[in-house]
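Reader: I am new to this structure and should like to understand the terms applied to it. Please explain the reasoning behind each description.

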Amino acid sequence: HADRVCDLVAFGDLDWNEVLRAAAFHGVLPIVQHHLNAAAGDLLPEQVKSYFREYQRTAKMRNAFQVQELANVVNTLDRQGIPTLVMKGPVLAHYAYGDVNLRQFGDLDILIPASSFARAVAVLKEEGYVPFQKLADVKGLRKWFYLYLSGQWPLKRAQGVFNLDLHTRIMPPGYSLPADFDRYWERSRAIHLEGASMRGFAPEDLLVVLCYHGIKNQWRLLKHVADVGALIDSTPTLCWEVVVERAEAARGRRVLLLGLMLAHRVMGVPVPSGLRWDMMRDPEIVEVASILIASLHSGGQTGGLDPAQRGRLQLAMQDSFSSRAKYVAYSMMRHVWSSLLKPGKPDNE
């Protein structure tokens, strides 16, 4: 697509403010910068070149601090006998893009066994991590309910310079992906970043997780689709039979098919012919994908899916009646939390 990119830059009469705004909104500014510089760097307006240089300088500095902090957290918990799996962030950037600076990430996300949660929080408190203000006084039943519904506990250090989401499950309980830390750990891969070693999901597990993550976020941002596409492109040894097997074991075959359809139609990522056929013969997946792609093309101007569309997306991607019932029950519990138990808004968070 390099020639097409050059033509757009040279003759497309682009609104560069809108290009940069949309790229930032969709969380793909680093990869847009990378490919624009590679394909048409000499043709870019000087103000765009200057913007990219400043963005790259600050992003590299921030990412280096984030990677070092992540390594410190992982090593601290490891010394206390608490295993960790890094969920996204720099490990996903390394997996999918080959460079931690080619993917935006803010919060650090790590998965730990649920049985280690209280001990992990105590250990991290010694390192200066405290709950966000909105959760500082949440205790007892309210804390249990929050942990059950979200599966994570947000912490911060250095007045919010570092934010850490401590996960005890990958997805909230309304989704069918199991919270089986031990199996994910057994299949995990060692990743070495900035001289530090940490563990991330096996590629087949990560692909399924990314598709679930997209569903959870209504595939609202292009970065969710780009992550799926980049992981597939960067993993020629990906075992598709294992991917399908693990999606089906989680009752998430439709979740997987939708993610693959979006990556195929938006990013041009090759997908095995059998899976492409399965996508195209499911009219609901085709229709939902078309709605999501139209929303992505709006560049965030439409505000994403409306409530009815969001509800339809979530229910349409459930593989069984029991899964749909489970999601409805989860939604009702979230409503109870929002209405009766949710803590007040935090100060500047």
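Author: In this predicted model, helices α12 and α14 are oblique to each other.

Reader: Why are α12 and α14 called oblique to each other?

Author: The axes of α12 (residues 253-267) and α14 (residues 283-297) cross at roughly 50° and come within 10 Å. Angles under 35 degrees count as roughly parallel, and 65 to 115 as roughly perpendicular. The angle of roughly 50° belongs to neither class, and α12 and α14 are therefore oblique. The crossing of α12 past α14 is right-handed.

Reader: Which residues in α12 meet residues in α14?

Author: From α12, the residues are R254, L257, L258, M261, L262, R265 and V266. They meet E284, I285, V286, V288, A289, S290, L292, I293 and L296 in α14. By class, this contact has twelve nonpolar, three charged and one polar residues.

Reader: What makes A22 count as buried?

Author: A22, found in helix α2 (residues 16-25), has a relative accessible area of 17%. Buried means under 20%, so A22 is buried. The C-alpha atom of A22 is separated by 10.0 Å from that of L296, 274 residues apart along the chain.

Reader: How do you know that T76 is buried?

Author: T76 has 7% relative accessibility. With the cut-off at under 20%, T76 therefore counts as buried. T76 lies in helix α4 (residues 46-79), and its side chain reaches the backbone oxygen of N72 at 2.7 Å. Leaving aside neighbours within four places in sequence, T76 is in contact with V123 and E127.

Key. Residues are numbered from 1 along each chain as its sequence is written. This is a predicted model: local features need pLDDT of at least 70, side-chain atom pairs count only at pLDDT 80 or more; totals for chains, interfaces and linings use all residues. Side-chain values use heavy atoms; hydrogens and water are left out. Axes are lines fitted to C-alpha atoms, for helices over the stretch in contact, and angles run from 0 to 180 degrees between N-to-C directions. Helices (H or I, at least four residues) and strands (E, at least two) are DSSP runs, numbered from the N terminus. Angles under 35 degrees count as roughly parallel, over 145 as roughly antiparallel, 65 to 115 as roughly perpendicular and the rest as oblique. A crossing is left-handed if the near helix is turned anticlockwise from the far one by less than a right angle, and right-handed if clockwise. Contact means heavy atoms within 4.5 Å. Ala, Val, Leu, Ile, Met, Phe, Trp, Tyr, Cys and Pro count as nonpolar, Asp, Glu, Lys and Arg as charged, and the others, Gly among them, as polar. Buried means under 20% relative accessible area, exposed over 50%, partly exposed in between (1.4 Å probe, protein chains only). A polar contact is a pair of N or O atoms within 3.5 Å; within protein, one must be able to donate a hydrogen and the other to accept it, and residues adjacent in sequence count only if both atoms are side-chain atoms.
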